[in-house]
Structures are given as structure tokens and as C-alpha cells.
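Subject: Structure for your attention

Dear colleague,

Please find below the structure that I should like to hand over to you. I would ask you to look through it first, and then to read the notes that follow.

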Amino acid sequence: MARVYVSSTFSDLADYREAVLRALKRLDHEVVAMEHYVAEDALPVDRCLADVRSADLYVVVMAWRYGFIPPGHSESITELEYRAAVDADIPVLAFVLSEDHSWAPKLMELEKIDRVRQFRSELMESRVVGVFGSKDDLARQVAEGIQKWERNDSVVDSNVDWAPYRRAVVEKYRYVRLSVIAGAQHDRLARIPLLDVFTPQQLRAGRPDYDLPEEDGEGGPAPSEDSVVVLGREQKQVVLGGPGSGKSTLFQASLLAISDGASDASRVPVELRDLPLVLLVELREYVLRGSPDFLTYLIASISENFGLLVDGTQLVEALDDGAVVFFDGLDEVFDPAARSRVTDQFRAFTLMHPDARVVVSSRIVGYDETELGLAGFEHYTLLDFGIREIREFVPKWYEHYSFDNDERDAAGLVHRIADNPRLLELAGNPLLLTMMAVLYKHQDLPEKRWQLYDRCTAVLLEDWDVKRKKIDSKELLPLDFRIGGEQKAEILQSIAMTMLSSRRDEGHELNAIAYAPLRDIIGAYLEKQYAKPPGEARAIAVEILNHLRERTFVLAETGDGVFGFVHRTFMEYFVAKHVLSEFNQRRADYEWLKTEVFRLNWSDDRWREPLLLLSAMLSGQGSPIREIVHSLSSFADVRALAFAARCLAEAGSVAPADQNWASELAHRLVIYVEFVSPKADYYSEYLSEIVSALEALSVCIPISEFTRRDIKKYRASSTLGERIVGFRLELAIASRAERRQAALAGLSDRDEAVRRAAIASLERESGDEVLYETFLSRLYKEGNSRVREPLIAALDRGWPRRRDVLHAIALRAERETSMKHARWIASHLAVAWAGDPQAREVVFGLAKHDFGAEDLILLRHVIPSSLVRGWKDGHDTVPYLLDQLRGLGPAGARSAAIRACAALDLQRTFDWSWQNSSSSQDIAEIADAVFPSETLRRLLTDFEERHPDQEFRQVAHRLLLDAFELPDTVKSLHLVRSEDTFG
């Protein structure tokens, strides 16, 4: 426990002081402040200054008042306290109100404004820890600042054994959290080990918008990369994806793989290996709990969920040692005030803990890149499964989900999906593919998204205990009336609709509802459907709620008395079912449907998925949706037109009489491209929506010749950007076979951006040998490194470790002139070809090139780190590199080899240098390649004292002084000894 003195003016900062004092009490420190000076015998100023000098830490908070100047003094009591702390060498943490924060004039001392500004400037220049706005912001910054000071000052014991936490993480996340969608096996619910079935997806840098290239060819779609390579590569990342795209699963699998030391190391993201700690924050739960900051929440969560008691200092130490924190579900925070607070806290968290890695996930729709982009977060988009991932996932799943005498197997499902374009499109979504894998065991697969949800929820709402044990359902839910799957679905529809329709400004979060209103919804349903008296309905509602929660696995308790659907997608499905039911009860009231549902909500991000599902449900029951689509398309907004087209495409079929009208709708999408200015900030976003809507719509309608003609005009344009747009539109309207042919032709296009787009389109079909030969042939011919990189990545993902691919890479590497591409090759081979001796030779061979002035970065950092990353487990790597040194002079290749050896085996590298090195620069390279350690100190000391060459002794002596920052007294002793040693 530390003694903390809190200083500030009082009348203007009373609420702020109270928030700070509460924060300090939570940290269990002794707090001294002016509030404690009642009935003291000593003069207040003398007592204050004495207490300042006896404190362990001094905290000063400054707004726009200078404060009371005691008689006989020329400075305010706040400044006097500050001077006393500085004179007594008491650590000072200063917090200054932001100049941008609105502040009432009555709380300012305008007559002393010069003194205020002078004092604020001094704090800002020399002592400031934080600039604050709200009182919560101040309290958080004070708590984090003190925790960091505690660690540096060793006020408390920061040692903590994280092993129990890691074991608890493994137990909690070992099985797929939605394993209930697997239903029941014959005698038990299926338990699916997460890491056994996890199939890594691809990530693409940037948002899913299509970035148009510049006239020099720069830009366009970034190459996709394995998530295991990308995750955690930068300190701050955002992972975007659609509903059910696997964002949460990616985080949970990474959390589990890092925490489980017995798991396959290849499952751990490359950049997150050997980290001290990994944490997961589910943002919906964080907001619902009302925690003031992430640290407070994490401390409570680690204790409550994983049984480990830690304090702020211990957690801060782990964060500052490079821990990774996954923040899952920013899209689940819909209240604007809460979302703004959370994004502000992200920025503050990364500033306070710059060595921690922070990865945030969100749905694409509704995400504003500026929220975190301006704070330096790198953005990535999670891509759908291609056929390769589907072929990998399905057999894994069926290893754990199978029945005796099963006739439907993994090969049958993959064949069914691959042969049906509609199913193949649906299977790209990991959640939908999982549903397919479950349903295929019992029945054939529907071809529409809403039907998959429909059948899956029917499975979820069945009483498996009834089916399994052949017992009466009343034994599970003892009521005098039947509550079956249909009735449960109706209840869930009401719950979902209540969640979605709650006003944002009331502080409600999406997919969250408290126990009392949840119980009241069920009670109201019983009163209406079964004429139950209110009291009885309320009592029965409690039983039904427990049943829904414990046996249907649709609802889950997400917090203390707060409930939500196990996946937000289910909530959206039940909202669509609710609206469909009301539409039918209103006897197909299209005016209500158009005005009160679609036109009112189409631009609301929360309603996007429910409206798309509703469009398909309407079509499924034979209700025409032309009126709805026409109503939406009448808005003078390209996004409304694109959404109207998506609704029509979601329906999946167009009546013969409406074919021409639908074709005209598609033509309007192409025409709209011309009216969106390429210079507009939203150009890429709008173009992406148009292309996506056109691609979805073209599956179910004929594309007119007028549309094709306009697209050809874009393809023939003299402007590169328009040619790329034309290529995208051309692919969008093509059939699957046509799309493949167009993409294959695009591999040889004159525009490099078209070639990159063609690779991005084709790589989803990895596993096809004809495509492999085509890609390989293109790799030998392709001279542009910006095209070679995605081509190599696609080959190594789709056809791993084919020797022909490595041969093509090696052939080009021998004459490589682009340092940027050489760096990419080294990093790529270290992952895709880890452990392969020939690939190691290619990487080391790059160190022998002369790339010009910037080659030092490549040779001193990228090449050695790639060699260590990819070949650290090879017993022959150090001997190989040391052998290479025999014929190398003092060029960069020598530097790369020595630095890699030092990182792999420091003792052996020093021994080699003693016996074989003719240059003292070698030991400088060795010391620079590794972090200071006792081993390094011992080896350098040995060189300094015993090496026969004076130059080596001098270099070792200098490295000891530089690497370990010896105190001046010790340096003096070394200097005396150096004069004796070196003359």
C-alpha cells in the first residue's frame, strides 16, 4: 500500500476529485487530500506541505483555476504543494484538463489566467501523465498512471503465476461454444473440440471496399494472407467480417491455442507465439457490466471467470510485457454514447500500454473506419471460405459428429456443395457451413439462407431429451398445456423484436435483455395465447424461461441477470419471422410493410440482416416482393438502390412477368457508377455496394444487352480506374463458368491491377490442378512483384509446399532487384516453407544481393529474423550458417548470418567468433542482435578480460558500457581498468 497525496483546486473540480478518490480506494492505497484536514491543530498550509513530503506519490489535477494563495505566500496552495513534492523528490503524476473540453466560465479564474496558463504549461512540459476530459476519463487515467508507477517503483509484488489462468481458459474454450447446433448424438449432445475443427481463414488488408488503383498501377485489392500470419502482426488491428463469418471463432481459437501449451504450435498466430498472456474481452458484456475501464473489467473477469486473483499492477506488467488483448464485437455496442466511450478507451488503452497488442473485431456494416483508423489501427477483412477451406473443414467436423451406420459422410457433403452454385455461395460463411454439416446428417440441404436458419432453429428448439429417452415432454416442462417448438419460436420472435426495437438513446444494447422484461414478454404471450391470469402467467413464465435457457440452447445468460441469443444471427432471424407473422396477420398489408418496415429501416444497420431474410421469407411463402423493391429503389440514393437489388437477390427467384423489370434494375446499378464521383471519399464504398448487389442479382435474372454494352465501355476505357471497374462489373454479371474464364483471361491483362483482381477471384478455387498449372506458368512469366506476391501466396495456400513453386521463387530470387519484394519473399518463406533447407538457402541468398542504400534494413533485420522464425527448430541451421561464413567477407551476408546465429545460439556464436573471427565488428553484430541478458554480459566480460586481441577487448568493453547502461561510478572503474588493460 502506498501513501498518495491528491492535490487540486476544489470548487471547480469537486466531482472530479471524488471520482479520483474512488479510483484510488479501489486500488487499496492510503489517500491524503484536503478533505481530511477537518479539525487539525496545525495550520492547513503547513500540514499540507508536511503530508506532501511524507507521501510516496503526489498527484496533481489542474483545470482553469489557480486557487487560494495563503497569507504570506506568493503562490497558490496547489502550486506550493507541487513545489514541495518536486523539492522532496516525490514522484509526480500530473493530469491537465484538455483545452478542447468545454468548461463553464464560472469555473475559471480569468483574473489569474496568466498564472493558470504558466502553471499548466510547466506541468504539460515536464510532468504531465494525461490530458483528460470527463471525470470518468480522469479517474481511468489516474488509475492506469498509478498502476504503471507501482510497477516501476516496485511498491507491490508484481509476480503472478498465470498458469492457472491459462488452464482455466483451456477448460472454458476447449469446445465449440455453439456446439449445441450439432444437436444430439444418440446418447449425448455433441462436444466438438474447437482446435480440432478450426480452419484458418484468409484476411485481406483494408476494408472490403474495392480500392481503385492509381494510374501507375499502385492500389487495387491487397493480397489475401492466412489469419495465422496476420493476427497480431501490428500492435493495433481491427478485423472486419459479415454475420457468421468467424470473427469470434478466430479470436477464441487463437486464445485457446496460445493458452494451451500442449496444442499444435502451428495453430498459434505467428506473431503471438511466446507471449506472456492473452486476454479476451466480449464488448457486449463489458458495456452491460458498466465497468469504468478495461483494466477494472479484466481484473474482475479474470477473478470471476477463471479463478485467479490479480491486482492492477500485475495486469499492467503483463500488458507492458507484450500481452495480447482481443476485443470481440464492437458492432454489439449500439448505444452511440457507449460506443464513443469504448472507442475513446481503445485509444487511451493503447497509449497507456504501447507494448500490448490490441485486436478488435466488428461487423462490416455500420463500422466507421475513422473510429479507430485515426488512432493507428490497421484494418483487415475476414474472407469467406473457398472450396479449399470447405474441403478441410467438413471432414474435421464429421470426425466428431457422426452416428452409427451413417450413410451421409464428408465426401458426400463436399460433393453436394461443390456441384451446386447456390450451396457453394452459402458454404463460404463458416456459420452456415456448420449448419449444413449438421443438417446434412438428417436431411437434404435447402438452398436459401433463411431456410438453413429455419431448419437449424427447429433442431435447436426440439427437446432432445424427449427424443433420446422417449419420455413425456411434460416431465421436462410440467405444464397443463403444450409448449412445443412452434410456441417457443413465437416467444423468441417477441423477445428478438423487443431487443431490436429498443431505442438507442435509452442505453439499450443489441441482443441483450434483462431478466424482468424477458419474463414479462413470456408472461404476456401466455396471457394472450392461453388466457392465463397475470399471476399464473408470471409464474409459468419463470419455468419456461429456465427451459429455454437450459434445454433449447437459444438463449444464454450473458451477464448478471442479462440474456441474449447465443449468436446475433439468430436474433435477426427471429425478428424477420416476427415481421412476417405480423404481415400475415395484417392480411398481406403491403402499404404497412413498405412504409413502416422497409422504407423506415433500410438505412439502419441493425435492420439490414432482418430485412434481407424477410425478403426471402416473403418470396418463400409466395408473397411478391416487387412492390417492396420498387419502393426502395425510388429513393434518390445509390445505397437504397443497391439494397433493393440485394433484397430481390435474397428472394432467389423472379417471376417471368418481372424479368424485364428486374433486368432494368440491374442496368440502373451500372448506370449509377457513372454518377458517383471517383474523387468522393465514399466512392470505393459505393462502388463495392453496387458490384456486390449486381453479382448477387445476376444469379437470378437475365442481364440485358444494354447492361453488357455499358460494361464493355468501361473495359475499353483509356482510364485505368474505369478499366478496373469494368473488369469488376464483368465478373459480377458472369456465370460461374464465365467468371472463371474471364478471370483466367485477366491473368494476362495489360493492367497489373486486373491481374491481381483475377488472382483474387480464382484463388477461391484452390485444389484444382488445371488452375495450379495456370498459376505456376504465370509465375514464371510475371515480372511485376506486386502481382508475383499474391500469385505466390495463392499457390502456397492452395497447393502447399509444391517443389515447382519453390523452384520458380528461387529462380527469380537469384536476380531479384527489388528490396521490397525480397523482404516479402524472406518473410513469406519463413512461414510457408518453414524448416525446408532449400527455402532456407533462398532466404539467405537474398542477403548476398546489393539493393542499394536501404539494404541495411533487409540484411540486418529481415533476413536474420526470417531465418530464426522459419528454421529455429532445425538442428543444422546454426552449423549451416556458420559454414556459410567461411567464404564470406565483411559484406551484408556476413552480418545476416552472424545475427541469425546469435539469436539461435548465443554461446556457440561467441565461441565461433573467438576461434574464427578476424573482425571485431562480428561481436558488435552479435551483441546488437540479441536483448541484453546475463549471458550476454558474461560473454562480453569474458572477451573484455581474456581475448588475446586488444581490438576485440576494446569493442567488448564499449559494448558492455552501452548495452547495460552501467552507473557512472561503475563506468569510472571500467575506465580506470581500461587504461590499465589497453595502455
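**Surroundings of Gln621**

Leaving aside residues up to four places away in sequence, Gln621 touches Leu580, Phe583 and Asn584. Please bear in mind that this is a predicted model. Gln621 and Leu580 lie 41 residues apart along the chain, and their C-alpha atoms are separated by 9.8 Å. As for its place in the chain, Gln621 belongs to the loop between α27 (608-620) and α28 (626-633). Is Gln621 buried or exposed? The relative accessible area of Gln621 is 36%, and the residue is therefore partly exposed. The side chain of Gln621 also makes a polar contact of 2.9 Å with the side chain of Ser623.

**The sheet of seven strands**

The next feature is an open sheet of seven strands with mixed pairing, in the order β7-β6-β12-β8-β11-β10-β9. Why do β7 and β9 each have one side without a neighbour in the sheet? These two strands stand at the edges and have a single partner strand each, so one side of each is left without a neighbour. From one strand to the next, the twist averages 25 degrees.

As background, strands of a sheet pair through backbone hydrogen bonds, either parallel or antiparallel. Both senses can be found here. At one edge, β6 (residues 202-205) and β7 (224-226) pair in the antiparallel sense over three bridges, and Arg204 stands opposite Ser224 in β7. At the other edge, β9 (residues 278-282) and β10 (residues 324-328) pair in the parallel sense over five bridges. Val278 stands opposite Val324 in β10, and Glu282 stands opposite Asp328 in β10. β10 and β11 also run parallel, joined by four bridges; here Val325 has Val358 of β11 as its bridge partner.

How many of the residues of β9 are buried? Four of its five residues are, and the strand is mostly covered. In β10, five of the five residues are buried, so this strand is largely enclosed by the rest of the structure. In a regular strand the side chains alternate between the two faces of the sheet. In β10, Val324, Phe326 and Asp328 point one way, whereas Val325 and Phe327 point the other way, and all are buried.

**Helices beside the sheet**

Helix α9 (residues 247-259) packs on the sheet and touches β8 (236-241), β9, β10, β11 (357-363) and β12 (378-382). The direction of α9 makes about 150 degrees with that of β9. Helix α11 (residues 294-306) lies across β9 and β10, and runs at about 105 degrees to β9.

**A pair of helices**

Finally, I would draw your attention to helix α37 (residues 785-798) and helix α39 (residues 819-832), whose axes come within 11 Å and cross at roughly 5 degrees. Angles under 35 degrees count as roughly parallel, and α37 and α39 are therefore roughly parallel to each other. Which residues of α37 and α39 make the contact? On α37 they are Ser785, Arg788, Glu789, Ile792, Ala793 and Asp796, and on α39 they are His821, Trp824, Ile825, His828 and Ala832. The residues of this contact comprise five nonpolar, three polar and three charged.

Yours faithfully,
A colleague

Technical notes
Residues are numbered from 1 along each chain as its sequence is written. This is a predicted model: local features need pLDDT of at least 70, side-chain atom pairs count only at pLDDT 80 or more; totals for chains, interfaces and linings use all residues. Side-chain values use heavy atoms; hydrogens and water are left out. Axes are lines fitted to C-alpha atoms, for helices over the stretch in contact, and angles run from 0 to 180 degrees between N-to-C directions. Angles under 35 degrees count as roughly parallel, over 145 as roughly antiparallel, 65 to 115 as roughly perpendicular and the rest as oblique. Contact means heavy atoms within 4.5 Å. Ala, Val, Leu, Ile, Met, Phe, Trp, Tyr, Cys and Pro count as nonpolar, Asp, Glu, Lys and Arg as charged, and the others, Gly among them, as polar. Buried means under 20% relative accessible area, exposed over 50%, partly exposed in between (1.4 Å probe, protein chains only). A polar contact is a pair of N or O atoms within 3.5 Å; within protein, one must be able to donate a hydrogen and the other to accept it, and residues adjacent in sequence count only if both atoms are side-chain atoms. Two strands pair if DSSP finds at least two bridges between them.
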